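Hi everyone, thanks for making time for this one. I'll put the structure up and then walk through a few places that I enjoyed looking at.

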Amino acid sequence: MTRGARQFDAIILGAGGAGLMCAAIAGQRGRRVLVLDHAPEPGRKILISGGGRCNFTNLQAVPDRYLSANPHFARSAIARYTPRDFLGLVEKHRIAWHEKTLGQLFCDGSARQIVAMLLEECRAGGVTLGLDAPIRSVDHADGRFRVEAGSWSAEAPALVIATGGPSIPKLGATGFAYDLARQFGLKVVEPRPALVPLTLGGEEALFRELSGVAAPVEARCGKAAFREAALFTHKGMSGPAILQVSSYWRHGQAIAIDFLPTAGTDWLREAKRQRPRAKLATVLGEHLPARLADTLAERLGVAGELGNASDKLLAAAEQRLAGWPFQPSGTEGFAKAEVTVGGISTAELSSQTMAARKLPGLYAIGEAVDVTGWLGGYNFQWAWASGWAAAQAL
């Protein structure tokens, strides 16, 4: 015990979703908890999420919708603190909500309601909040962690890393969690941007002329496939379907786009038989935006009326439209990534408690850990569940 340092049962680094959740639960379990954050206000990512309405969970949050070097790691926490559990907390605070497509839950009002709810839960647990407190040093000796941050000097037998990943640096996000993990001997799975727009170069840069055009598609990368909207941008491709596959994409890989995922087999040859005088761009334009339909028809080289095109040519066009290959040149990086794939290795942590195996008293939760959910509230559910799991052990 160091003279002059304030004593706590647990110090949580990071006042985001995971950190606040963990603090509230641990505080209400009778623990003396200090939360420290370099930002002047808590929950910054929560505030901008879901267009300011916070997509706070997803009713379909199951383990196979999370990416990790250990695909089973999220199973325990997600099973023990479910989307219904968090929804119960939302309703306890009388926050009005609605369900959008694919199980996504949003506030009717503002994301600020979720931050206010978490802060109220922290108050109920007597949690001490230290904001605008850049961390200067973190040390461990004699079974205790000492943290110097801003004007704070604090000690506790437990330390929780909840500082997130480097996505959206304009909000103050950094790779601090990884530096701290390495300091204490924990391995880090190489972090990379996830849920991020993809860039196109070379010949495919021509598709940038379609900037602003969106269409419902099925995007595929390896075994992952997502049927949602894709959006062409001045740099490449975005939209929910693209953001989803970006988490699975690696440099050098191609992605495939099915521009007509609901079309049956032989649909184009059937169109030729029924409407021989129609042009491909016209037929495509009945399902896709006109500019996209024109571009695809031009690229496929099916000119003139369908009746004049051979079945072989139309079969090839059907095949191309069902799996149009794109070779992304990269991503728009952490600046535009919603989350991070990779992070503190799950091999270093207990899936039950989020505790480090090598160092008693050290925990890691939320985005700092190598667990990344799909788009649509999954990553918030991981924040709540991992925070809850750690809080049970503090």
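**A walk through the model**

Let's begin with a polar contact: the side chains of S153 and E148 are joined at 3.0 Å. Please keep in mind throughout that this is a predicted model. S153 itself sits in strand β11, residues 152-156. Is S153 buried or exposed? With a relative accessibility of 15%, S153 counts as buried, because the cut-off for that label is under 20%. Leaving out residues up to four places away in sequence, S153 touches G4, A5 and R6, and also R146, V147 and E148.

E148 gives us a handy route to the next stop. E148 is the bridge partner, in β10, of S137. The strands here are β9, residues 135-141, and β10, residues 144-149, and they pair antiparallel over 6 bridges. They make a hairpin with 2 residues between the strands, and D142 there takes a positive phi near 55°.

There is another hairpin to show you, made of β6 and β7. This one has 4 residues between its strands, and L102 in the turn has a positive phi of about 60°. β6 covers residues 97-99 and is joined to β7 by 3 bridges, running antiparallel. H98 has F106 as its bridge partner in β7.

β7 also has a link to β4, residues 55-58: 3 bridges join these two strands, again antiparallel. Here T57 is matched with L105 of β7. Which way do the residues of β7, 104-107, point? Q104 and F106 point one way, L105 and C107 the other way, and all of them are buried. As a general reminder, strands of a sheet pair through backbone hydrogen bonds, either parallel or antiparallel.

C107 leads us into the interior. The largest nonpolar core has 139 residues, and I114 and F259 touch the most other members. Which element gives the most to this core? That is α12, with 10 residues. Back to I114: not counting residues up to four places away in sequence, I114 touches I46, C54, F56, F86, V90, I95, C107 and W384. So β7 turns up again, since C107 is among its residues, now as a contact of I114.

Since α12 gives the most to the core, let's look at that helix. α12 is mostly covered, with 14 of its 16 residues buried. For those of you who like a geometry check, α12 runs over residues 378-393, and at 1.5 Å a residue its 16 residues should span 22 Å. The end C-alpha atoms are 23 Å apart, which agrees.

The same check can be done on α1, residues 17-28. Its 12 residues reach 17 Å from first C-alpha to last, close to the 16 Å expected. α1 is mostly covered too, with 11 of its 12 residues buried. Among the buried ones are G17, G19, M21 and C22. Just after α1, G30 takes a positive phi of about 95°.

C22 brings up the cysteines. How many disulfides does the model have? The count comes to 0. Why does C22 have no such bond? Its sulfur is 9.5 Å from the closest cysteine sulfur, in C122, which is too far for a bond. C22 is buried, with a relative accessible area of 0%, and C221 is buried as well, at 3%.

Now for the open sheet. It has 7 strands in the order β19-β18-β15-β16-β17-β14-β20, with antiparallel pairing. At the edges are β19, 324-326, and β20, 330-331, each of which pairs on one side only. β20 pairs with β14, residues 198-199, in the antiparallel sense over 2 bridges. In that pair, T199 has G330 of β20 as its bridge partner.

Last stop: R84, in helix α4, residues 83-92. After so many buried residues, this one is exposed, with a relative accessible area of 56%. How many residues apart in sequence are R84 and L59? They are 25 apart, while their C-alpha atoms are 7.3 Å apart in space.

That's my tour, and I'm happy to go back to any of these spots on the screen.

Definitions and conventions. Residues numbered from 1 in each chain as written. Predicted model: local features only at pLDDT ≥ 70, side-chain atom pairs only at ≥ 80, totals over all residues. Heavy atoms only, no water. Expected span 1.5 Å × (residues − 1). Buried < 20%, exposed > 50% of the residue type's maximum accessible area, 1.4 Å probe, protein only. Pairing = 2+ DSSP bridges. Core = buried A, V, L, I, M, F, W, Y, C linked by side-chain atoms within 4.5 Å. Contact = heavy atoms within 4.5 Å. Disulfide = S-S within 2.5 Å. Polar contact = N/O pair within 3.5 Å; in protein donor to acceptor, adjacent residues only side chain to side chain.
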